Amino acid sequence: MKLARSVIALLAPGWLAGCMAGPNYHRPTVPTPTVYRDLSENPQLQAQAASYADLPWWEVFKDTKLQELIRLALKQNYDLQLATERIVAARAELAITRSNLFPQVQGNGNFIGGQEDTAQSKYNFLTLTADAAFQLDLFGRLRRATEASRAQLLATEAARQTVVLTLVSDVAADYFTLLQLDLQLQITRDTVKTQIDSVKLTNLRLSHGVATKLDVLQAQQVLDTANASIPDLERQIAQEEDAISILLGNYPQAVPRGLPLVEQTLPPEVPPGVPSSIIERRPDIREAEQNLVAANAEIGVAKAAFFPQISLTGSGGGALGRSSTFTNLMGSQLGIWSYGAQVTQPIFTGGALRGNLHLAESQHQQALLAYRQTIQRAFGDVSDALIGYQKLHQVRLRLEDSVADLQESVRLSTMRYKGGTTTYLEVLDGQRSLYSEELTLAGARGSEYQSLVQLYRALGGGWQ
């Protein structure tokens, strides 16, 4: 232990004073828009730094059943468990790399005993030694390697956050799709019930001579069409439940529901926050930057390989034992110590070192381009999600008006038919249009909620 402390005391000043090969990392300047697209006419929304994306997911998705599903997914999902284990592995890699910065000390013990026939002597000896080796990091090769390994750990942690954000978004989006299908199935079943009553009424009127056989056939056709769509909707519901179950880490099974789609709450407006904050929110951008940091450090590792590598070694210990060769079988003791230094300087490597440097520089350039591309795509995601949410909201409102108008039209047509002032064809046309429009409105509701989820994901929701 004294030897190890002595080695550290002697070498630490030179180690700490050593230079670092390669460039130090500075975040690259990436020009970004000052406002999000299609928000130039809303300065109040632009200036609002507090963002919808800053909210944790349980404050965005109010449905308690959905919250339970998300919590279960965060606990059991296999992709997230794999991402967590990758962090454990990255921490181990960092510990291995960082260990090279410190002296490596190893203890050795050796016992030998026996008898020599020629001298008729007996002996027993125990040898204990400690070896220490330390590599002077004068040019920063080991420190740059540690820097790269630490950046890779941070990138892995950011990748896990991407998995979390994606998982929460996927569960929410699939849940809203499931509620949309439930609503469409309910609309279809209600239509079937209505058409059964219409067929009965038309048959009754046929028996009284105030309706035709064609009216009965047309009413039956609407009924058959609605009935035929029920199995397909049930198939889609079952498959959507299977998809959600897999996200939850379960085998396929039924999924509990909370509020129906028409009772789900939507925020009155969704402030996206200032554009510059997206760089801090999105975990994929943070991951890309840490990959860039690692690639930058690897340039230093490659440059340091051109310089000499200096290693210091030391060994100390002792041997003790007894031998009949000594007078009166007296004990014998012997001190052992040694030290040395080794310098290795590449002279000719056939271009391997220069090729390794060019490789590191190219990988750094690739990481830089990937970082800039990730930021560009992030702004594209936000722009698409903002436009989608705004326009789908408008579509849903207009479809609600259309459905209300058709409902009134069917009511009036039914009254006119019962009063004998119109044909049943007018009623059937109205019912067909209403059924189709109600299904379209249900799809628009689901799309609006899914666009809200996509906006939350695009903004890097819940990043704090």
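Okay, let's start at the end of a helix: just after α6, G209 takes a positive phi, about 80 degrees. Keep in mind throughout that this is a predicted model.

Now α6 itself. This helix has 67 residues, running from 141 to 207. From first C-alpha to last, α6 reaches 97 Å, and that's close to the 99 Å you'd expect at 1.5 Å a residue.

Hop over to α11, residues 424–458. Here we have 35 residues and a reach of 50 Å from the first C-alpha to the last, again close to expectation, which is 51 Å at 1.5 Å a residue. And what follows α11? That would be G460, with a positive phi near 75 degrees.

So, on to packing. Two packed helices are described by the angle between their axes and the distance between those axes. I've got three pairs to go through.

Pair one is α6 with α11. Their axes come within 8 Å and cross at roughly 170 degrees. Anything over 145 counts as roughly antiparallel, so α6 and α11 are roughly antiparallel to each other. If you sort the residues of that contact, you get 14 nonpolar, 16 polar and 4 charged.

Pair two keeps α11 and brings in α10, which covers residues 352–418. The axes of α10 and α11 come within 7 Å, crossing at roughly 160 degrees. By that cut-off, α10 and α11 are therefore roughly antiparallel too. The crossing of these two is left-handed. The contact of α10 with α11 breaks down into 19 nonpolar, 13 polar and 9 charged residues.

Pair three: α10 again, this time with α9, residues 283–304. Those axes come within 8 Å and cross at roughly 165 degrees, so α9 and α10 are roughly antiparallel to each other. How about the hand of the crossing of α9 and α10, left or right? It's left-handed.

Right, let's move from helices to holes. Rolling a probe the size of a water molecule over the atoms shows where empty space is left. How many cavities of 30 Å³ or more does that give us here? The count comes to 3.

The largest cavity has a volume of about 80 Å³. Its lining has 13 residues, and the closest to the centre are L136, D137, R141, P308 and Q309. Which elements supply at least two residues each to that lining? They are β2, at 121–136, our old friend α6, and β3, at 309–323. By class, the lining of the largest cavity splits into 8 nonpolar, 3 polar and 2 charged residues.

The second largest cavity holds about 60 Å³ of space. Around this second cavity you'll find V60, F61, K62, D63 and L66, plus F176, Q264, T265, Y449 and L452. That lining divides into 6 nonpolar, 2 polar and 2 charged. If you want to place two of those residues, F176 falls in the α6 range, 141–207, and Y449 falls in the α11 range, 424–458.

That's what I had on the helices and the cavities. Happy to pull up the model and click through any of these.

Notes: Residues are numbered from 1 along each chain as its sequence is written. This is a predicted model: local features need pLDDT of at least 70, side-chain atom pairs count only at pLDDT 80 or more; totals for chains, interfaces and linings use all residues. Side-chain values use heavy atoms; hydrogens and water are left out. Axes are lines fitted to C-alpha atoms, for helices over the stretch in contact, and angles run from 0 to 180 degrees between N-to-C directions. Helices (H or I, at least four residues) and strands (E, at least two) are DSSP runs, numbered from the N terminus. Angles under 35 degrees count as roughly parallel, over 145 as roughly antiparallel, 65 to 115 as roughly perpendicular and the rest as oblique. A crossing is left-handed if the near helix is turned anticlockwise from the far one by less than a right angle, and right-handed if clockwise. Ala, Val, Leu, Ile, Met, Phe, Trp, Tyr, Cys and Pro count as nonpolar, Asp, Glu, Lys and Arg as charged, and the others, Gly among them, as polar. On a 1 Å grid over the protein atoms alone, a cavity is a set of points where a 1.4 Å probe fits but cannot get out, and a pocket is an open set with protein on both sides within 12 Å along at least five of seven lines; lining residues have an atom within 4 Å of a point. Grid points are joined across faces, edges and corners, and a volume is the space filled by probe spheres set on the points. The expected span of a helix is 1.5 Å times one less than its number of residues.
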